[in-house]
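Hi,

Here is the structure I said I'd pass along. Have a look at it first, and my notes follow underneath.

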Amino acid sequence: MNSFEINKIIAAIILTVVIVLGINKLADVAYNVKTSNDGAYKITKAKETKEISKDDNEKVKESSSIATFLTLGSIDHGKIVFKKCAACHSIAKGGGQKIGPNLFGVLGRQAGSVSDYKYSKAMVAYGKTWSFEEMNGFLIKPKDWIKGTKMSFAGLKNEKDRASVILYMNENADSPLPLQ
């Protein structure tokens with residue numbers, strides 16, 4: 001290798017370093033970011049909150065009407081959110097059972113009552129009728145609402161999502177429950 005080729009390689013390396021450093025400096029000028037001299041975030045004092053006891057929480061739940069809760073949702077939004085449920089449940093009239101039972105007409109029906117589906121012992125023993133309130137509680141976290149259920153769904157924490165799914169399930173029935 002002659003010295004001229006070595007000079008070209010060294011020049012290429014130096015030129016690359018200069019270009020990279022130049023682009024870095026140009027980027028600093030183009031995107032001028034101003035930093036604070038304080039070096040910390042300012043924290044404002046939070047408002048005082050009252051801790052709500054379980055009894056207070058139940059009183060609030062009783063006082064708030066399910067009809068008010070259901071106004072948070074919409075059937076169209078429920079159809080979208082129900083896609084999470086559709087992995088295990090069908091909602092079509094006459095639809096077959098999947099991993100979970102068919103949910104057509106579930107509101108107003110007794111829990112664990114579809115004859116051609118094998119429910120968990122806990123669901124069969126639960127035996128309550130699926131009302132708006134029951135379904136809302138169940139959809140928050142099924143495993144906590146009915147201990148021992150085989151439904152492994154984590155739940156819907158968002159109130160709008162739950163209200164929408166309940167409205168959508170109510171709409172998919174021969175005789176939907178009145179919204180009160």
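What is the mean pLDDT of the protein, and what share of its residues reach 70 or more? The mean is 83, and 82% of the residues get to 70 or more. Do keep in mind that this is a predicted model. Confidence varies by element: helix 4 (residues 75–81) has the highest mean pLDDT, at 92, while helix 2 (residues 54–63) has the lowest, at 48. Where pLDDT is low, the predicted coordinates shouldn't be read in detail. I'd treat the helix with a mean of 48 in that spirit.

**Overall layout**

There are eight helices and zero strands, so to speak an α-α-α-α-α-α-α-α pattern when you read along the sequence. Of the 180 residues, 29% are buried. The accessible surface adds up to about 13,200 Å², and carbon and sulfur atoms account for 59% of that. As for contacts between residues at least 6 apart in sequence, 48% of them join residues at least 24 apart.

**The N-terminal end**

There's a nonpolar patch on the surface here, made up of Met-1, Ile-6, Ile-9, Ile-10, Ile-13, Ile-14, Val-17, Val-18 and Leu-21. Together these residues have about 890 Å² of accessible area. Met-1 sits in the segment before helix 1 (3–30), and with 75% relative accessibility it counts as exposed, the cut-off being over 50%.

**Helix 6**

This one is a good contrast. Seven of the nine residues of helix 6 (residues 132–140) are buried, so the rest of the structure largely encloses it. The buried ones are Phe-132, Glu-134, Met-135, Asn-136, Gly-137, Phe-138 and Leu-139. What lies over them includes helix 3 (66–70), helix 5, helix 7 (142–145) and helix 8.

Two residues from that buried list turn up again elsewhere. Phe-138 belongs to an aromatic cluster with Tyr-126 and Trp-130. Glu-134, at 13% relative accessibility and therefore buried, makes a salt bridge with Lys-128, at 3.9 Å from N to O. Lys-128 itself is partly exposed, with 42% relative accessibility.

**Salt bridges**

Side chains of opposite charge can pair when their charged atoms come close. How many salt bridges does the count come to? Three, and the Lys-128 to Glu-134 pair is one of them.

Another joins the side chains of Lys-93 and Asp-174, with 2.9 Å between N and O. Lys-93 is in the loop between helix 4 and helix 5 (121–126), whereas Asp-174 is in the segment after helix 8 (159–171), so this pair ties together parts that are 81 residues apart in sequence. Both Lys-93 and Asp-174 are exposed.

Then there's Asp-144 with Lys-147, where the closest N and O atoms are 3.8 Å apart. Asp-144 is partly exposed at 45% relative accessibility, and Lys-147 is exposed at 61%.

**Aromatics**

The count of aromatic pairs comes to four. In one of them, the rings of Tyr-117 and Tyr-119 have their centres 4.8 Å apart and their planes at 75°, so the pair is edge-to-face. Tyr-117 is buried, at 15% relative accessibility, and Tyr-119 is buried at 15% as well.

**Phe-82**

Is Phe-82 buried or exposed? Its relative accessibility is 4%, so it counts as buried, the limit being under 20%. Phe-82 is placed in the loop between helix 4 and helix 5. Leaving out residues up to four places away in sequence, Phe-82 touches His-89, Ile-91, Leu-103, Val-165, Tyr-168 and Met-169. Take Tyr-168 from that set: Phe-82 and Tyr-168 are 86 residues apart in sequence, yet their C-alpha atoms are 7.9 Å apart in space.

If you open the model, you could start with helix 6 and what covers its buried residues, then move to Phe-82 and the residues it touches.

Cheers

Note on methods
Residues are numbered from 1 along each chain as its sequence is written. This is a predicted model: local features need pLDDT of at least 70, side-chain atom pairs count only at pLDDT 80 or more; totals for chains, interfaces and linings use all residues. Side-chain values use heavy atoms; hydrogens and water are left out. Patches are made of residues with over 30% relative accessible area and no salt bridge: like charges are joined within 9 Å, nonpolar side chains (Val, Leu, Ile, Met, Phe, Trp, Tyr) within 5 Å. Accessible areas come from the Shrake-Rupley method with a 1.4 Å probe; for residues, only the protein chains shown count as cover. A salt bridge is a side-chain nitrogen of Lys or Arg within 4 Å of a carboxyl oxygen of Asp or Glu. Helices (H or I, at least four residues) and strands (E, at least two) are DSSP runs, numbered from the N terminus. Buried means under 20% relative accessible area, exposed over 50%, partly exposed in between (1.4 Å probe, protein chains only). Rings of Phe, Tyr and Trp (its six-membered ring) pair if their centres lie within 6.5 Å; planes under 30 degrees apart count as stacked, over 60 as edge-to-face and the rest as tilted. pLDDT is the predictor's confidence in each residue, from 0 to 100. Contact means heavy atoms within 4.5 Å.
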